[in-house]
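Colleague: Could you take a close look at one part of this model, the way its helices pack against one another, and tie the residue-level details to that picture? I would like the reasoning spelled out wherever a class is assigned from a number.

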Amino acid sequence: MDPLSTISEELADINGQIGDIFRALSNGFQKLEKVKDSNRQSRQLEELTEKMRECKRLIKEFDREVKDLESRNDPGTNKMLSEKKQSMIKELNSYVALKKQYAANLDNKRLDLFDGGTEGYGEENVMLASSMTNQQLVDSGNRMMDETDQVIERSKKVVHETINVGTETAAALKAQTDQMSRIVNELDSIHFSIKKASQLVKELGRQVATDRCIMALLFLIVVGVVAIIIVKIVNPNNKDIRDIPGLAPPAMTRRLLWNAS
């Protein structure tokens with residue numbers, strides 16, 4: 001049973017994972033000595049480099065867990081954990097040096113323990129803060145503070161620009177909302193006008209139909225009167241047709257005057 005399990009199950013688990021990686025690294029470098037093909041050596045070095053990256057991450061987790069438990073442990077336990085961490089760092093550094101040696105022999109500049117990583121300080125980054133000298137800690141702290149200040153300044157600019165964009169967007173949205181409200185009101189007015197115009201057209205249609213009916217009746221009356229006048233003139237002795245008031249029968253007078261002569 002791992003003695004660290006009495007202190008913390010998480011510490012014991014991390015220690016077990018780191019031990020497995022160290023054993024895998026030891027076996028990997030032993031096999032690497034027997035490989036003659038440079039391509040195979042390069043691939044195996046890449047695999048071992050990945051394991052070293054994972055080991056570094058686990059050592060950092062181990063260090064954070066130790067710091068979290070430091071206030072609850074006695075001084076002897078804290079000393080033992082610190083020594084355990086230092087031994088892990090030294091063993092990892094030995095594998096890093098071995099990896100650099102193989103990489104130099106292969107003249108493979110692409111292989112770098114922290115190549116493509118986010119820290120970008122070369123192999124020195126494999127050392128944790130606890131293994132650095134005071135001057136290294138001060139320089140690293142100043143460098144991190146400078147980078148942090150730059151990041152903060154960039155973040156402030158981004159936030160300021162975001163606020164400005166948000167303000168402009170809000171103003172544009174408000175203007176568009178007002179415009180949409182005006183458009184809706186205008187559409188309502190247009191709809192009401194169209195409805196009113198439709199009613200007026202219907203009323204005009206009814207009035208036109210009524211006027212046409214009246215004109216047709218008047219036309220029929222006029223035609224009837226004209227027909228009666230014509231019939232009366234052509235056949236004045238027709239008793240079936242009454243005399244039209246105001247229309248004298250001149251034919252009878254002319255006939256009497258003719259007979260007298």
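**Helix packing and the residues around it**

Modeller: Helices α1 and α3 are roughly parallel to each other, a label that follows because the angle between them is about 25° and angles under 35 degrees count as roughly parallel. This is a predicted model, and what follows should be read with that in mind. The axes of α1 and α3 lie 11 Å apart, and α1 passes α3 in a left-handed crossing.

The setting for this pair is a protein chain with five helices and zero strands, which reads along the sequence as α-α-α-α-α. Of the 261 residues in the protein chain, 21% count as buried.

Two residues, one in α1 and one in α3, add some detail. Leu 98 lies in helix α3, and its C-alpha atom is 8.3 Å from that of Phe 29, although 69 residues separate Leu 98 and Phe 29 in sequence. Leu 98 counts as partly exposed because its relative accessibility is 27%, a value between the 20% under which a residue is buried and the 50% over which a residue is exposed. Ser 26, found in helix α1, which spans residues 9-34, also counts as partly exposed, with a relative accessibility of 27%. From Ser 26 the distance to Leu 48 is 9.6 Å, C-alpha to C-alpha, with their positions 22 residues apart in sequence.

The other packed pair to consider is α2 with α3. Helix α2 covers residues 38-69 and helix α3 covers residues 75-106, and their axes are 10 Å apart at an angle of about 160°. The two helices are therefore roughly antiparallel to each other, since the cut-off for that label is an angle over 145 degrees. The passage of α2 across α3 is a left-handed crossing. Sorted by class, the residues in the contact of α2 with α3 are 16 nonpolar, five polar and five charged.

Helix α2 can also be compared with an annotation from a record. UniProt, in an unreviewed entry, places a "coiled-coil region" at residues 38-72. In the model, that span is 91% helix and 0% strand, and its end C-alpha atoms are 51 Å apart.

Within α2, the charged side chains deserve a closer look, as the structure holds seven salt bridges. One of these joins Arg 57 to Glu 54, with 2.3 Å between the closest N and O atoms. Arg 57 and Glu 54 are separated by about one helical turn, because they stand three residues apart in helix α2. Both ends of this bridge are partly exposed: Arg 57 has a relative accessibility of 37%, and Glu 54 has one of 30%.

Another salt bridge in α2 brings together the side chains of Lys 67 and Asp 63, at 3.4 Å from N to O. Lys 67 and Asp 63 lie four residues apart in the helix, again about one turn. Here the two partners fall into separate accessibility classes, for Lys 67 counts as exposed at 52% relative accessibility, whereas Asp 63 is buried with a relative accessible area of 13%. The assignments follow because Lys 67 at 52% is over the 50% cut-off and Asp 63 at 13% is under the 20% cut-off.

Beyond α2 and α3, helix α4 offers a further salt bridge, in which Asp 178 pairs with Lys 174 and the closest N and O atoms are 3.4 Å apart. Asp 178 and Lys 174 both belong to helix α4, which runs over residues 134-234, and they are four residues apart, about one turn of the helix. Asp 178 is partly exposed with a relative accessible area of 33%, while Lys 174, with a relative accessible area of 55%, is exposed. Returning to the salt bridges of the structure in general, those that share partners join Glu 54, Arg 57 and Glu 61 into one network.

A second annotation is also worth setting beside the model. The unreviewed UniProt entry gives residues 214-234 as a "transmembrane region". In the model, residues 214-234 are 100% helix and 0% strand, with 30 Å between the end C-alpha atoms.

Terms used. Residues numbered from 1 in each chain as written. Predicted model: local features only at pLDDT ≥ 70, side-chain atom pairs only at ≥ 80, totals over all residues. Heavy atoms only, no water. Buried < 20%, exposed > 50% of the residue type's maximum accessible area, 1.4 Å probe, protein only. Axes fitted to C-alpha atoms, helices over the stretch in contact; angles between N-to-C directions. Parallel < 35°, antiparallel > 145°, perpendicular 65-115°, else oblique. Left-handed = near helix turned anticlockwise from the far one by under 90°. Nonpolar A, V, L, I, M, F, W, Y, C, P; charged D, E, K, R; others polar. Salt bridge = Lys/Arg side-chain N within 4 Å of Asp/Glu carboxyl O. UniProt positions renumbered as here; feature names shortened; annotations may be inferred.
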